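User: Could you take me through this model and, for each descriptive term, show how the value sits against its cut-off?

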Amino acid sequence: MDNKAFIYTKSKVYETRQKLYELEEMLKEKHFLRVSKSTLLNLMKVSAIKPALNSRFTAVLQSGEQVVITRKYVPALKKALKGDS
Amino acid sequence: MTVKEFIISRVQIFFFLVTLILTASAVMGLVYQPDMELRYYHFFSPILIAACCVLPTCVTYYKKEPTVRQYIIRQIIELILIELVVMFLITPPEGIEKLLFYLVLGAVIAVIYILTMVMMWLQKVQQSKKLTEQLHHLQSL
């Protein structure tokens, strides 16, 4: 949004000028995964994956929040969970 | 959705449909014409009808991910097209009122369609459970 990215932690929200793909590259070794065009997700903070309409999945975070995993990124998720990334 | 993924999903739907059409034919046959004898070529009917039903499902193909609303509208269009194809293919047997036959047929098609969607949803639930298990395994490392 407006060339800004937002980092959501347990209690705070940080704003950064870094691009999402830069963060993705930086954090890929830390189990962060791109799950949609606008979201990078920390897999270590996900409590469950649930089915959603429209060939998508939903990631339920430990905080109870839900994040949409779009179909395009499902293969990458499967690969990451198999330990390939 | 890639063309390959789409074709795989259509093949899945085809096999679900063959099973469900066969079941529906058996149930409807028992109700309307329990004494009718079938020949071997009759066993091809569910396969042919399922193949004809899969063709209109191509309206749900998308390259760009649709919104939930667009998805639901496409599913409704798909069901209507399937109803039309099957009603065009199947003629009511003699001695059965046309309107009643098409009403029952329409209801049966809708039930088969919903059951196919339920089966695919259950498959997705299984997939989600497996992904969650793998996720928990990854988190425990």
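**Values set against definitions**

Analyst: His31(A) has 19 other C-beta atoms within 10 Å and is partly exposed. The model is a predicted one, and every value below is computed from it.

User: What makes His31(A) partly exposed?

Analyst: A residue counts as buried if 20 or more other C-beta atoms lie within 10 Å and as exposed if 12 or fewer do; because His31(A) has 19, it falls in between and is called partly exposed. His31(A) sits in the loop between helix H1 (20–27) and E3 of chain A, and its phi is positive, about 65°, although it is not a glycine. Most residues other than glycine have a negative phi.

User: What makes chain A as compact as a globular protein of its length?

Analyst: The radius of gyration of chain A is 13 Å and the globule rule gives 12 Å for 85 residues, so the two values are close and the chain is as compact as a globular protein of that length. Its C-alpha atoms fill a box of roughly 30 × 25 × 25 Å along the principal axes. Chain A has two helices and seven strands, in the order β-β-α-β-β-β-β-β-α from the N terminus. Buried residues make up 14% of its 85 residues, and of the contacts in chain A between residues at least 6 apart in sequence, 23% join residues at least 24 apart.

User: How does the radius of gyration of chain B stand against that of a compact globule of 141 residues?

Analyst: A compact globule of 141 residues would have a radius of gyration near 14 Å, but chain B has 19 Å. The C-alpha atoms of chain B fill a box of roughly 65 × 30 × 25 Å along the principal axes. Its secondary structure consists of four helices and zero strands, following the pattern α-α-α-α along the sequence. Buried residues account for 11% of the 141 residues in chain B, while 71% of its contacts with a separation of 6 or more are between residues 24 or more positions apart.

User: How do you know that the span of H4(B) agrees with its number of residues?

Analyst: At 1.5 Å a residue, the 43 residues of H4(B) should span 63 Å, and its end C-alpha atoms are 63 Å apart, so the two values agree. For helix H1 (residues 3–32) of chain B, which has 30 residues, the distance from first C-alpha to last is 41 Å, close to the 44 Å expected.

User: Which residues of these two helices are buried, and what do they pack against?

Analyst: In H1(B) the buried residues are Ile13(B), Leu17(B), Leu20(B) and Ile21(B), and they pack against helix H2 (44–54) and H4 of chain B. In H4(B) they are Ile109(B), Ile112(B), Tyr113(B), Thr116(B), Leu131(B) and Leu135(B), and what covers them includes E5 and H2 of chain A together with H1 and H3 of chain B.

User: What makes the largest nonpolar core a single core, and which residues does it hold?

Analyst: A core is a set of buried nonpolar residues joined through C-beta atoms within 7 Å, and the largest such set has twelve residues: Leu33(A), Val35(A), Val46(A), Ile49(A), Phe57(A), Ala59(A), Ile69(A), Tyr73(A), Leu77(A), Leu81(A), Leu131(B) and Leu135(B). Two or more residues each come from strand E3 (32–36), strand E5 (46–51), strand E6 (57–61) and helix H2 (74–81) of chain A, together with H4 of chain B. Leaving aside neighbours within four places in sequence, Val35(A) is in contact with Leu41(A), Ala59(A), Val67(A), Ile69(A), Tyr73(A) and Leu77(A). Apart from this core lies another of eleven residues, among them Ile13(B), Ala50(B), Ile82(B) and Ile112(B).

User: How many residues of each chain are in contact with the other, and which element of chain B gives the most?

Analyst: There are 15 residues of chain B in contact with 17 residues of chain A. Helix H3 (68–89) and helix H4 (98–140) of chain B each supply at least two residues of the side that touches chain A, and H4(B) gives the most, with ten residues. By class, this side of chain B has nine nonpolar, four polar and two charged residues.

User: Why are E1(A) and E2(A) called paired strands?

Analyst: Pairing requires at least two bridges; because strand E1 (residues 5–8) and strand E2 (residues 13–16) of chain A have four, in the antiparallel sense, they count as paired. A hairpin joins E1(A) to E2(A) through four residues, and Tyr8(A) stands opposite Val13(A) in E2(A).

Notes. Residues numbered from 1 in each chain as written. Chains lettered and ligands numbered in written order. Predicted model: local features only at pLDDT ≥ 70, side-chain atom pairs only at ≥ 80, totals over all residues. Contact = placed C-beta atoms within 7 Å. Nonpolar A, V, L, I, M, F, W, Y, C, P; charged D, E, K, R; others polar. Rg over C-alpha atoms; globule rule 2.2 N^0.38 Å. Expected span 1.5 Å × (residues − 1).
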